Amino acid sequence: MNSRIYTSIFKLKNITALEDIEQWRSEHCDDPVRHSKRHQEEFKRLPDGERNYRYSWNNIGEVESLPFSYGGKEINFVEASARIEYAKRKIFDSDHHYLPKKERTNLENIDIIFFEMNQKFFILIEESREKQIDRVLRLIGKANYEEVENLSSDFFNWLVYLYSENEETIKLIATRAFISTGGILREVKLNVDDSNNYNICFKMDDRCRTVISVNESVPYMTPNALEKGERLVLYMYTSLLPCLQKMFQAKKAGFKNKKKKFAKKIGLQVVKEIMDINNIHKDEIEPLDIN
């Protein structure tokens with residue numbers, strides 16, 4: 001099990017039930033082997049199976065239900081895995097001829113989770129590299145997915161505000177200084193203790209991509225057949241994030257009135273910490289000469 005799980009989320013289209021995903025099992029996508037004019041004739045002589053790198057489904061599981069619900073509604077999911085072939089750095093031999101496909105091909109299985117929530121369908125790709133994510137999306141098909149709505153900067157500022165007001169430590173001086181000067185926050189790292197489910201440590205950005213620290217997260221609920229990592233990923237997207245978004249929407253109007261006061265407060269905290277760290281006294285601070 002990986003110590004960190006990188007996850008991206010997208011909306012699914014053109015399905016009415018998770019069972020519809022089963023029809024994709026035999027689908028595949030081919031990516032042509034790189035070739036130039038110099039290798040054009042040799043490329044044409046390659047067998048059909050060696051002219052492409054193939055993206056296909058390694059497996060698509062059965063529809064299952066989570067042991068917890070959100071808003072009293074059952075959450076269903078499907079575990080799957082994509083089989084991705086792609087070129088190694090070296091694809092030619094010393095005479096500049098194509099190596100046998102096995103010798104010039106990398107093969108990876110990428111874990112994927114489909115889930116349904118509030119009659120909407122989503123895909124979670126457990127991968128950090130953009131190229132690999134793009135390959136999985138090509139396998140799914142451009143017509144079958146779309147980007148999720150970005151999270152606002154105010155959402156992240158509000159999360160930092162919650163931490164601050166609950167007297168939790170915000171360790172990064174740079175982050176607080178950034179907020180206090182009106183910077184647009186696009187990601188945040190948090191440790192959230194939901195005593196009914198998990199203590200989860202994660203980083204999240206404005207595209208709803210997360211990095212979950214598996215070793216630093218503790219499940220409180222009774223384990224099911226899922227591995228710890230998959231349980232954390234599903235909890236993150238089907239329970240914690242929707243809950244935080246709902247709370248933010250309820251508090252958003254009031255938070256707008258508190259933003260300036262909050263920015264001033266943490267700005268003063270940053271100034272004081274910098275003075276303490278560098279042993280700066282008040283009488284050493286002089287007006288800046290801007291001429």
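## Long-range contacts, cores and a pocket

In this predicted model, 66% of the contacts between residues at least 6 apart in sequence join residues at least 24 apart. The chain comes to 5 helices and 12 strands, and buried residues make up 44% of its 291 residues. About 17,500 Å² is exposed, with carbon and sulfur atoms supplying 48% of that area.

Let's turn to the interior. The largest nonpolar core holds 41 residues, and those touching the most other members are Phe115, Phe155, Ile200, Phe202 and Met236. Elements giving two or more residues to this core include helix H3 (153–165), strand E9 (187–194) and strand E10 (198–205), while its largest share, 11 residues, comes from H5. A second, separate core has 27 residues, among them Leu12, Cys29, Val78 and Ile125.

Phe155 is worth a look in your viewer. Beyond its neighbours within four places in sequence, Phe155 is in contact with Met204, Leu241, Leu244, Gln245 and Phe248.

Next comes the largest pocket, with about 710 Å³ of space. It is lined by 23 residues, and Phe122, Glu149, Leu151, Pro242 and Gln245 are the closest to its centre. Strand E1 (4–12), strand E6 (105–117), strand E7 (120–125) and helix H5 (228–277) each give two or more residues to the lining. H5 again provides the largest share, here 8 residues.

The lining of the largest pocket divides by residue class as follows.

| Class in the pocket lining | Number |
|---|---|
| Nonpolar | 13 residues |
| Polar | 5 residues |
| Charged | 5 residues |

Helix H5 thus gives the largest share to the largest nonpolar core and to the lining of the largest pocket.

Conventions
Residues are numbered from 1 along each chain as its sequence is written. This is a predicted model: local features need pLDDT of at least 70, side-chain atom pairs count only at pLDDT 80 or more; totals for chains, interfaces and linings use all residues. Side-chain values use heavy atoms; hydrogens and water are left out. Helices (H or I, at least four residues) and strands (E, at least two) are DSSP runs, numbered from the N terminus. Buried means under 20% relative accessible area, exposed over 50%, partly exposed in between (1.4 Å probe, protein chains only). Contact means heavy atoms within 4.5 Å. Accessible areas come from the Shrake-Rupley method with a 1.4 Å probe; for residues, only the protein chains shown count as cover. On a 1 Å grid over the protein atoms alone, a cavity is a set of points where a 1.4 Å probe fits but cannot get out, and a pocket is an open set with protein on both sides within 12 Å along at least five of seven lines; lining residues have an atom within 4 Å of a point. Grid points are joined across faces, edges and corners, and a volume is the space filled by probe spheres set on the points. Ala, Val, Leu, Ile, Met, Phe, Trp, Tyr, Cys and Pro count as nonpolar, Asp, Glu, Lys and Arg as charged, and the others, Gly among them, as polar. A nonpolar core is a set of buried Ala, Val, Leu, Ile, Met, Phe, Trp, Tyr and Cys residues joined through side-chain atoms within 4.5 Å.
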